[in-house]
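Thanks for making time. I have one structure to go through, so please bring it up on your screens.

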Amino acid sequence: GKERQDILQKWYTASTERKVDLTPEERKWLKQHSSINISGDPSWAPLSYTDRNGQYAGIIPDFFSLIQEKSGLNFIPYPAENWGAVISSMKEGRIDVVNAVAETPELREFMNFTDVYMTADVVIITRNDIDFLKGLGHAGGRSVGVIHGNITESYIRRDYPKINLKLFNTASQGLKALSRKGIDIFVIDIPTFEYYARESSLTNLKISGLTDYSCSLAIGVRKDMPELVSILNKTLELISPKEKST
């Protein structure tokens, strides 16, 4: 609808060439794979989430409508209960594509990755009664929450092995726990924090510090579909992020 188009126009600009330029092999592959099962995090608004009508929504699904239009690929949404379920579905071959994922050595074992198409800065969230923190190295003995299986979890385990990590299935659960003093710090990307803090009226939370991390998001593709990686990369080249002036 119109609203979707507005979001896309705000975030991305598409080259006026209508379609991506494919090799004969890629065109043949596209003909043979008329539909591609796709999944993504159902609780990562505003980037990617299941809305109240059970429809897959957000900036990333909108972006994939643009990819579909440019490439001729036909994406079929495959529902997943949470991020862990998305990864299991990919491991077990039930889906072909994960719509937004940060590349890690563990994930590389069972999927390939396209070029990065979106980045989001990761920050430290606290309640208003905590002073600003210079970074996670200054967390002290405070308990720190992250989303289980998120790239940020592996970064923190690697860089700050002494931190007492509490794992949550969704951003919403983690931020509510923080608001109610179940944890002291939650580490999350900025758009997700802003969306869920507003949605759940968590007025006692603030961005308290920066991390060195950002989510560099690529498209994850089944190992046995190298042609799809190539088609998607060519399509991504036609769509460029707009300078987001906020």
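I will take the sheet, then one helix, then the nonpolar cores.

A caveat to begin with: this is a predicted model.

The sheet is open and has three strands in the order 3-4-5, paired antiparallel. At its edges are strand 3, residues 43-44, and strand 5, residues 56-57, each of which pairs on one side only. Strand 4, residues 48-50, is joined to strand 5 by two bridges. One residue pair to look at here is Thr50 with its bridge partner in strand 5, Tyr56.

Next, helix 3, residues 59-71. How far apart are its end C-alpha atoms? They are 18 Å apart, and at 1.5 Å a residue the 13 residues should span 18 Å, so the two values agree.

Is this helix largely enclosed or not? Ten of the 13 residues of helix 3 are buried, so the rest of the structure largely encloses it. The buried residues include Ile60, Phe63, Phe64 and Ile67, but also Asp62 and Lys70. Just after helix 3 comes Gly72, with a positive phi of about 85 degrees.

Now the cores. In soluble globular proteins, nonpolar side chains tend to be buried together. The largest nonpolar core here has 47 residues, and those touching the most other members are Ile60, Phe64, Ile67, Leu73, Tyr117, Ile219 and Leu228. A second core, separate from that one, has 18 residues, among them Val123, Ile188, Ala197 and Leu205.

Last, Leu73. Setting aside neighbours within four places in sequence, Leu73 contacts Trp29, Leu30, Ile36, Gln68, Leu228, Ile231 and Leu232.

That is what I have.

Note on methods:
Residues are numbered from 1 along each chain as its sequence is written. This is a predicted model: local features need pLDDT of at least 70, side-chain atom pairs count only at pLDDT 80 or more; totals for chains, interfaces and linings use all residues. Side-chain values use heavy atoms; hydrogens and water are left out. Two strands pair if DSSP finds at least two bridges between them. Helices (H or I, at least four residues) and strands (E, at least two) are DSSP runs, numbered from the N terminus. A nonpolar core is a set of buried Ala, Val, Leu, Ile, Met, Phe, Trp, Tyr and Cys residues joined through side-chain atoms within 4.5 Å. Buried means under 20% relative accessible area, exposed over 50%, partly exposed in between (1.4 Å probe, protein chains only). Contact means heavy atoms within 4.5 Å. The expected span of a helix is 1.5 Å times one less than its number of residues.
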